[in-house]
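Here are a few exercises to help you find your way around a new structure. Try each task yourself before you read the solution.

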Amino acid sequence: MNTTPLVSSTAATGQGAGASTPAIKPRPGPPLWLLAELTYRCPLHCVFCYNPVDFAHHDDEISTDDWIRVLQQGRALGAVQLGLSGGEPLLRDDLEVIVAEAKRLGFYSNLLTSGVGLTEERAVALKAAGLDHVQLSFQDSTREMNDFLSHTKTFSLKNKVGKIIKDQGWPMVLNVVIHRLNIDHIDEIIRMAHEMGAEYLELANTQYYSWAFVNRSQLLPTHAQLQEAEKVTEAWRAKLGDAMKIFFVAPDYHEGKVKKCVNGWGSMFMTIAPDGFALPCHTARLLPGLTFPNVKEASLSDIWYDSDGFNRYRGTGWMKEPCASCAHKEEDLGGCRCQAFMLANDPDATDPVCSLSPLHHTVQAAVAEAASVTAQEHPLVFRDPVNSRRLSSV
Amino acid sequence: MGTERCNCIEVRGRVLTALTLQSIPRVSPGFRLQYEPAQECHVLLYPEGMVKLNQTAGEILSRCDGQRSVNEVVAELEQAFSTTGLETDVMAFMTLAKEQLWLSWE
C-alpha cells in the first residue's frame with residue numbers, strides 16, 4: 001500500500017482532539033490501523049514498490065495461527081481498520097481464514113491487491129468470509145502502464161476484476177500510483193476509473209522509499225506536471241461531484257512541507273511484516289540502531305506500549321533543532337524518520353523535505369535533476385528477488 | 001424541479017429530500033456504525049477510513065436503523081436522557097450527517 005491511512009476525524013458537532021501535552025509522556029492511544037503484510041511474494045515487478053529493497057532476505061512467512069493470534073491481540077488493543085497487503089496478499093492460501101477471523105473479531109477489513117488472482121471464485125469466497133472492501137491497484141509497472149494506456153490486454157484484465165468486485169457488492173475503490181511516467185495521462189486515468197464505476201479513486205503520487213527511491217530520478221515529476229495534474233483532478237471533481245470521490249496525494253518532495261508520517265510514529269498505525277516483525281511503518285527496518293520485536297516472541301501489547309522500537313520516536317522529546325523549537329512540531333512531528341535517514345543520513349534530523357531543513361536544497365536539486373534524466377543514464381530497476389539480492393548483498 | 005411536490009432543497013448543487021419528523025433515516029450503505037470500547041465512542045467505518053463520533057452523534061446514529069422515524073428517535077433520546085426539546089438539535093445533526101453522506105432517508 002502506497003497510501004498513508006485516512007485519518008479519523010471528529011463529527012462536526014464534536015470536540016476537537018488533543019489536550020495540551022504535559023511534561024510526562026502521555027500513554028499512546030490504541031493502534032487503530034493494523035496493516036498485515038502477509039507476504040513479500042508478488043507476481044508483479046513495480047518500479048515504485050515500497051517493500052524493502054532487501055525483501056529477498058526476509059522470505060520467512062509467519063503461519064496462519066500466528067496471524068490469527070496477531071488479529072486477536074490487535075483487536076483487543078483497539079485496532080479496528082485492518083489492511084491485508086503484501087506483496088500480493090492473494091498469494092496466501094489462508095487469506096479466507098484470516099478474513100473470517102477478522103470479521104468475527106469486528107475489524108473493518110481492506111484487501112489491498114493488484115487483482116492478479118482475483119477470480120470470481122476467489123471473490124465469492126472472500127465475500128462469504130466477510131471481507132469488507134477490495135482496493136484494486138492500477139499500474140504496477142511501466143510496461144503495464146503502456147498497455148493500459150493503449151487499451152490493450154491489461155486494461156481488459158483490470159476491467160474484468162473491477163466487474164468481479166462490483167458483482168460481489170463491494171465498494172469499488174481504485175488506487176493508481178502516479179509518477180512522471182504516467183502523470184501526463186491523469187485525465188485518461190480518471191476517465192477510465194469513472195467508466196469502471198469506481199466510487200473512490202486514489203491518485204497516489206509515489207513516495208520515495210525502497211524501490212521508488214532506487215528509481216527516484218525516473219519517477220519524480222516536475223512541478224509543472226504536478227500542477228497540471230492537480231488542475232485536471234479539480235476539473236473532474238467539479239464535474240463528478242459525489243459520483244466518484246477522488247483523493248490526490250501529493251508527493252512531499254514538491255510541497256516544501258513535511259507530512260505527519262503515519263500520523264505520528266507509534267500513534268495509530270502498526271504494521272506486521274511477513275516474517276512477523278512489528279514495525280511503526282513499512283520501512284522502519286532500514287533505520288540504524290533500532291530493533292523491532294517479532295510477534296512470534298512478543299505480544300502486541302508489549303510491542304505497542306513498551307518496546308524500544310515503538311517508543312523511540314514517539315512525541316517530540318527526541319527532536320533536534322530546528323524541529324525542537326519549531327512552532328509546527330506538534331502538527332507534523334518533524335516529518336519522516338526514514339526519509340531523514342535516507343536523505344540526511346541521520347534518522348533524528350529534520351526531514352529534508354521540510355523547507356526549514358538545512359538540507360532542503362538537496363531535495364530541490366533532486367526534483368530539478370530528475371527533469372533532465374534519461375532512461376539510458378539510469379535504467380529502471382524492476383522489483384524482483386534477483387534485483388533485491390543484488391542491491392542488498394551483505 | 002418540482003420543489004412543491006417533493007419538498008426538496010438544494011444544497012451545494014445536490015438535491016436533498018428535506019427531513020421531516022416522519023422520515024425514516026438509516027446509516028448509508030457505504031458506512032458501518034459500531035461502538036468501539038477502546039475509543040469509548042461510536043465510529044463510522046468505510047474503506048480505509050474512520051469517523052470518530054462524539055457521544056451525541058453516536059446516540060443519534062445508533063438509533064437510525066431504517067425502522068424508527070425521526071419522531072421516534074427524538075422521543076427515545078428524550079426518554080433516555082430525561083430531557084425534552086431535542087427535536088431541533090437532532091434534526092440539525094441528521095441534516096449535517098446527510099450532507100456528509102453518512103445518513104440517508106426517502
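Contact here means heavy atoms within 4.5 Å. Helices are DSSP runs (H or I, at least four residues), numbered from the N terminus. This is a predicted model, where local features need pLDDT of at least 70, side-chain atom pairs count only at pLDDT 80 or more, and totals for chains, interfaces and linings use all residues. Residues are numbered from 1 along each chain as its sequence is written, chains are lettered from A and ligands numbered from 1 in the order in which they are written, and side-chain values use heavy atoms, with hydrogens and water left out.

**Exercise 1.** Work out which residues of α3(B) meet which residues of α4(B).

*Solution.* Start by finding the pair: α3 covers residues 70-80 of chain B and α4 covers residues 87-99 of chain B. Next, list the touching residues. From α3(B) come B:Val70, B:Val73, B:Val74, B:Leu77 and B:Glu78, and they meet B:Glu87, B:Val90, B:Met91 and B:Met94 in α4(B). Then sort them by class: seven are nonpolar, none polar and two charged (Ala, Val, Leu, Ile, Met, Phe, Trp, Tyr, Cys and Pro count as nonpolar, Asp, Glu, Lys and Arg as charged, and the others, Gly among them, as polar).

**Exercise 2.** Decide whether A:Val70 is buried or exposed, and find what it touches.

*Solution.* First, place the residue: A:Val70 sits in helix α1 (residues 64-77) of chain A. Then check its accessibility. It has 2% relative accessibility, so A:Val70 counts as buried (buried means under 20% relative accessible area, exposed over 50%, partly exposed in between, with a 1.4 Å probe and protein chains only). Now for the company: setting aside residues up to four places away in sequence, A:Val70 touches A:Leu34, A:Ile272, A:Val295 and A:Leu300. Finally, take a long jump along the chain: A:Gly276 is 206 residues apart from A:Val70, yet their C-alpha atoms are separated by 9.3 Å.

**Exercise 3.** Find how many residues of α14(A) are buried, and what they pack against.

*Solution.* Count first: α14 (residues 337-344) of chain A has eight residues, and seven of them are buried. Name them next: A:Arg337, A:Cys338, A:Gln339, A:Ala340, A:Met342, A:Leu343 and A:Ala344. Then look around: these buried residues pack against α7 (210-214), α8 (216-219), α10 (252-255) and α15 (360-370) of chain A. Last, step past the end of the helix, where A:Asn345 follows with a positive phi, near 60°.

Note on methods. Axes fitted to C-alpha atoms, helices over the stretch in contact; angles between N-to-C directions. Helix = DSSP H or I, 4+ residues; strand = E, 2+ residues; numbered from the N terminus.
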